[in-house]
Amino acid sequence: MEIRIVLVEPSHPGNIGATARAMKTMDLSSLYLVKPKRFPDPQADWRAAGALDVVASARIFDSLEDAIGDCGYVVGTSVRDRHIPWTVKSVVDFAIDVASMPHESKPLAILFGRENNGLSNEELALCNVHVRIPSSNEYGSLNLAMAVQIVVYELFKARGNSDVKAGWDRPHARHAEIVAMYEHLDRVLNAIGFFDPSAPRTAFTRFQRMFGRIELDETEVQILRGMYTHIERAMATKAD
């Protein structure tokens, strides 16, 4: 299974190079960059040291959706509490979960946000789960590349020692399939007047959190979309 490290709008090229170095020491090479402010850049090459191949093969995207559209599982790293709590796992528990996933699973993306303010609420809502690295209550800010190093180290350690058997009978749904399912659900809920006009998106965000926690597979997404289609047909018949 491809484990994809995704840096969202990194501002300093040195962090890109240091991330590449952190990845290569833990046998990872799939680096995706979303709107990097300075890249390519000599500072990225310098900080990469012996991981220039990871820097050279990094893929650049104009949107986060394009970078993760083919992924079956998306993880967001966050240090802040959110208005609507999300499923949060420690980096150790998350790494153990990843070690139990089938090798043939679709790509897994781990998102790391901007150096100054991390990932936005909208970006975190695209994730199945949020991962936090324990740190000091007095000063919990980690450098971007340091955070990557901790996460990929735990993944490396868990992959090397895990004897957990995979429990999936179907592959995870791709992120693009999940997004299409959300759009279909949104249409149906609007059509039946489900949302509270005073806070319509709050309810929908909770739906996203629920489905992200479930970790839908391809068949489950097809079942849900089939159910939405039947609701739409029933509404059309009733209208006639």
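**Buried cysteines, sheet and cores in a predicted model**

At a relative accessibility of 2%, Cys-127 counts as buried, and in this predicted model Cys-71 is buried as well, with a relative accessible area of 0%. The cysteine sulfur closest to that of Cys-127 belongs to Cys-71, and because the two lie 11 Å apart, they are too far from each other for a bond. A disulfide is a covalent bond between the sulfur atoms of two cysteines, and a search of the whole structure finds zero disulfides.

The strands of a sheet pair through backbone hydrogen bonds, either parallel or antiparallel. In this model, seven strands form an open sheet, in which the pairing is parallel and the order of the strands is S3-S2-S1-S6-S4-S7-S5. The edges are taken by strand S3 (59–61) and strand S5 (88–90), each of which has a single partner strand, so that one side of each is left without a neighbour in the sheet. From one strand to the next, the twist averages 30°. At the edge formed by S3, the pairing with strand S2 (residues 30–34) runs in the parallel sense over three bridges, and Tyr-32 stands opposite Arg-59 in S3.

Helix H5 (residues 91–99) packs on this sheet, where it touches strand S1 (3–8), strand S4 (73–77), S5, strand S6 (108–112) and strand S7 (129–132), and the direction of H5 makes about 90° with that of S5. The buried residues of H5 are Val-91, Phe-94, Ala-95, Val-98 and Ala-99. These residues cover an arc of only 140° around the axis, and they therefore lie on the same side of H5. An α-helix has 3.6 residues a turn, so residues three or four places apart point the same way.

Phe-94 of H5 appears again in the largest nonpolar core, which has 39 residues and in which Ile-5, Leu-7, Leu-31, Phe-94, Ile-110, Phe-112 and Val-148 have the most contacts. Helix H7 (residues 144–161) contributes seven residues to this core, the largest share. A second, separate core consists of 16 residues, including Ile-68, Val-74, Leu-111 and Leu-119. The surroundings of Phe-112 can be described in further detail: apart from its neighbours within four places in sequence, Phe-112 is in contact with Ile-5, Val-6, Leu-7, Val-8, Thr-77, Leu-119, Leu-144, Ala-147, Val-148 and Val-151.

Definitions and conventions
Residues are numbered from 1 along each chain as its sequence is written. This is a predicted model: local features need pLDDT of at least 70, side-chain atom pairs count only at pLDDT 80 or more; totals for chains, interfaces and linings use all residues. Side-chain values use heavy atoms; hydrogens and water are left out. A nonpolar core is a set of buried Ala, Val, Leu, Ile, Met, Phe, Trp, Tyr and Cys residues joined through side-chain atoms within 4.5 Å. Buried means under 20% relative accessible area, exposed over 50%, partly exposed in between (1.4 Å probe, protein chains only). Helices (H or I, at least four residues) and strands (E, at least two) are DSSP runs, numbered from the N terminus. Contact means heavy atoms within 4.5 Å. Two strands pair if DSSP finds at least two bridges between them. Axes are lines fitted to C-alpha atoms, for helices over the stretch in contact, and angles run from 0 to 180 degrees between N-to-C directions. A disulfide is a pair of cysteine sulfur atoms within 2.5 Å. The arc is that of the directions from the helix axis to the C-beta atoms.
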